[in-house]
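Visitor: I would like to understand the labels people put on a model like this one. Could you take me through them?
Guide: Gladly, let us look at it together.

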Amino acid sequence: MKRLVLLFCLLAFAIVALFAFKSCIIQNPKPEECVVMTIKVTNITEGGVKDIVFHDAGSDFYYINRGLEQGLNLDSLKTKVLNKTVTLHLAKVLGGITSEHISQLALGDEIIYTEFR
């Protein structure tokens, strides 16, 4: 009986952990599921695994996941958006928490990058 209870608890924990992990993965974000904000880009760097990281005037940063693999270029982005105010769509994750993951980057009316389909 104790083994059955233990097995049930382990299975329940595994299912909860799987759903929690899956909710942290950002897949096919939608505009209505994002937080829209504007920042002044003060620096652009490479980070993580070919991520493009945008730094604001404070200590915050936001990233395009594997942006360098998607054909974006650091030098051209620096020319286009450095020291300018851009609009970001930031994906929400578990519990509605806003991530630093950029789903869309726009400068004025020009969309520079988007994951929206």
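Visitor: What makes glycine 96 buried, partly exposed or exposed?
Guide: Buried means under 20% relative accessible area, exposed means over 50%, and partly exposed lies in between, with a 1.4 Å probe and protein chains only. Glycine 96 has a relative accessible area of 43%, so it is called partly exposed. It is found in the loop between S5 and S6. In space, its C-alpha is 9.3 Å from that of cysteine 34, although the two are 62 residues apart in sequence.

Visitor: Before we go on, what should I know about the model itself?
Guide: This is a predicted model, in which local features need pLDDT of at least 70 and side-chain atom pairs count only at pLDDT 80 or more, while totals for chains, interfaces and linings use all residues. Residues are numbered from 1 along each chain as its sequence is written, and side-chain values use heavy atoms, with hydrogens and water left out.

Visitor: How many helices and strands does the protein have?
Guide: There are 2 helices and 7 strands, in the order α-β-β-β-β-α-β-β-β from the N terminus on. Helices (H or I, at least four residues) and strands (E, at least two) are DSSP runs, numbered from the N terminus.

Visitor: Why is serine 99 called buried?
Guide: Its relative accessible area is 11%, so serine 99 falls on the buried side of the cut-off. Serine 99 sits in strand S6, residues 97-107, and 8 of the 11 residues of S6 are buried. For the protein, buried residues make up 31% of the 117 residues.

Visitor: What does the side chain of serine 99 reach?
Guide: It reaches the backbone nitrogen of histidine 101 at 3.1 Å. A polar atom of the serine 99 side chain also lies 2.7 Å from the backbone oxygen of alanine 91. A polar contact is a pair of N or O atoms within 3.5 Å; within protein, one must be able to donate a hydrogen and the other to accept it, and residues adjacent in sequence count only if both atoms are side-chain atoms. Set against that distance limit, 2.7 Å and 3.1 Å both fit.

Visitor: How do you know that S5 and S6 pair, and in which sense do they run?
Guide: Two strands pair if DSSP finds at least two bridges between them. S5 and S6 are joined by 6 bridges and run antiparallel. Threonine 87, for example, has alanine 106 in S6 as its bridge partner. The hairpin of S5 and S6 has 3 residues between the strands, and glycine 95 takes a positive phi near 75° there.

Visitor: How many bridges pair S6 with S7?
Guide: S6 and strand S7 (residues 110-114) pair over 4 bridges in the antiparallel sense. Leucine 107 stands opposite glutamate 110 in S7, and glutamine 104 stands opposite threonine 114. This hairpin has 2 residues between its strands, with glycine 108 in the turn at a positive phi of about 65°.

Visitor: What makes the phi of arginine 66 worth a remark?
Guide: Most residues other than glycine have a negative phi. Arginine 66 has a positive value near 50° and is not a glycine. Its place is the loop between strand S4 (61-64) and helix H2 (74-81). Asparagine 83 also has a positive phi, about 65°, and is found in the loop between H2 and strand S5 (85-93).

Visitor: Why is the pair of glutamate 69 and arginine 66 called a salt bridge?
Guide: A salt bridge is a side-chain nitrogen of Lys or Arg within 4 Å of a carboxyl oxygen of Asp or Glu. Here the N to O distance is 3.2 Å, so the definition is met. Glutamate 69 is partly exposed at 47%, and arginine 66 is partly exposed at 34%.

Visitor: How many salt bridges are there by this rule?
Guide: The count comes to 2. Lysine 80 and glutamate 110 also meet in one, at 2.8 Å, N to O. This pair links distant parts of the chain, with lysine 80 in helix H2 and glutamate 110 in strand S7, 30 residues apart. Lysine 80 is partly exposed at 33%, as is glutamate 110 at 37%.
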